[in-house]
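Colleague: Could you take me closely through the surroundings of the ligand, and then add a word on the cysteines?

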Amino acid sequence: MSLRDALRIPARDVTDEAVYRDRRRIVAGLAASGALGLSGCAKADAPAAPPAAKIDPARMRAGFTTAEPRTTWQDATTYNNFYEFGTGKGDPSKAARTLRTRPWTVAVGGHCAKPGRIGLDDLLQGLTPQERVYRHRCVEGWSMVIPWLGVPLGDVLKRFKPTSKAKYVAFTTLADRAQMPGLGYPALDWPYREGLRIDEAMHPLTLLATGLYGKPLPQQNGAPLRLIVPWKYGFKGVKSIVAITLVEHLPFTSWNDQAPDEYGFFSNVNPNVDHPRWSQKTERRIAGTGSKLFADRIPTRLFNGYAEQVGSMYAGLDLRKWF
Ligand code: MTE
């Protein structure tokens with residue numbers, strides 16, 4: 001088994017428990033022996049965005065909420081992926097309690113007229129948090145429905161005046177070994193990083209979330225600031241953001257670096273493009289705990305059900321090639 005095979009991680013729900021545990025043991029062993037040295041790799045640019053299509057405001061707003069039953073607070077805050085605090089679903093809700101979320105600054109830079117490191121309150125000043133009830137679909141095959149609180153990322157980015165060279169946006173998570181025990185395991189090339197094309201970043205559905213269920217974000221959900229892109233797999237939603245950089249070329253993204261054949265840059269939810277190791281045709285809504293954790297499977301929808309709002313951004317793109 002190659003190193004990369006050994007490190008292909010987020011599959012507890014799709015992978016046999018014994019295999020999953022064995023993989024964690026392998027990661028721990030490799031970390032202890034210092035045998036891992038994952039690094040970023042150069043990538044070709046993804047195709048440019050097609051000219052912006054006109055979006056009907058009423059259709060856009062229709063994407064801001066859903067009448068589907070909401071996942072409980074209990075499930076959304078105890079069944080998490082936040083590898084900086086461990087790879088078990090229940091690890092972050094325990095281990096992230098010590099994450100200090102105040103004071104918090106975000107460095108905004110790159111191709112913009114007004115770069116700077118700015119305190120969270122100043123970053124969001126004057127922007128009223130909005131509630132958005134979004135479907136939240138993990139690449140592993142589980143999903144939730146969550147009422148987030150947040151502000152459109154585009155409204156924040158405009159304040160920094162992106163230049164015409166800003167073709168992509170790169171996001172970086174805090175990586176503080178003193179606070180994040182999971183950083184001791186090289187599950188990913190830390191810090192956790194993600195990216196969007198600029199039109200995706202400016203899209204009205206894309207949210208910088210500060211809360212959920214009308215309350216501030218708990219640490220395990222990515223406090224104090226995380227990204228939500230509801231038509232993409234959940235791993236695009238980088239947590240505890242410390243840097244946002246406007247860049248000209250395709251940015252480094254953690255899961256794509258770790259397993260490029262499994263996690264594409266776009267990672268749009270797509271029932272027609274299977275993960276190499278499991279089907280993406282259906283998903284299980286998280287409901288309850290213990291043996292009742294998963295409800296019945298439901299069909300997965302193209303762009304997670306947001307095709308009307310976002311489909312035009314990918315017109316002409318081969319979604320199998322650019323997955
Ligand atoms: N952000 C960081 N920094 N570290 C992570 O491990 N996991 C991602 C994403 N953001 C992750 C992250 C994955 S795989 C998913 S599915 C979502 O966060 C999970 O968000 P939730 O725990 O709030 O449901």
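Modeller: In this predicted model, 17 residues surround the ligand, and those that come nearest are Y83, E84, H136, G237 and K239. Sorted by character, the shell around the ligand divides into seven nonpolar, seven polar and three charged residues. Two of the nearest residues, Y83 and K239, also take part in polar contacts, though with different parts of the residue: Y83 places a backbone N or O atom 2.8 Å from an oxygen atom of the ligand, whereas K239 brings a polar side-chain atom to 2.7 Å from a ligand oxygen. N221 likewise uses its side chain, with a polar atom lying 3.2 Å from an oxygen atom of the ligand. Taken alone, the ligand would expose 540 Å², and 99% of that area is buried by the protein. The space that the ligand takes is, in turn, the largest cavity.

As for the cysteines, the structure holds zero disulfides, a disulfide being a covalent bond between the sulfur atoms of two cysteines. C112, with a relative accessible area of 10%, counts as buried because that value falls under 20%. C138 is buried as well, with a relative accessible area of 6%.

Key
Residues are numbered from 1 along each chain as its sequence is written. This is a predicted model: local features need pLDDT of at least 70, side-chain atom pairs count only at pLDDT 80 or more; totals for chains, interfaces and linings use all residues. Side-chain values use heavy atoms; hydrogens and water are left out. A residue is near a molecule or strand if one of its heavy atoms lies within 4 Å of it. A polar contact is a pair of N or O atoms within 3.5 Å; within protein, one must be able to donate a hydrogen and the other to accept it, and residues adjacent in sequence count only if both atoms are side-chain atoms. Accessible areas come from the Shrake-Rupley method with a 1.4 Å probe; for residues, only the protein chains shown count as cover. On a 1 Å grid over the protein atoms alone, a cavity is a set of points where a 1.4 Å probe fits but cannot get out, and a pocket is an open set with protein on both sides within 12 Å along at least five of seven lines; lining residues have an atom within 4 Å of a point. A molecule sits in a cavity or pocket if more than half of its atoms lie within 2 Å of its grid points. Ala, Val, Leu, Ile, Met, Phe, Trp, Tyr, Cys and Pro count as nonpolar, Asp, Glu, Lys and Arg as charged, and the others, Gly among them, as polar. A disulfide is a pair of cysteine sulfur atoms within 2.5 Å. Buried means under 20% relative accessible area, exposed over 50%, partly exposed in between (1.4 Å probe, protein chains only).
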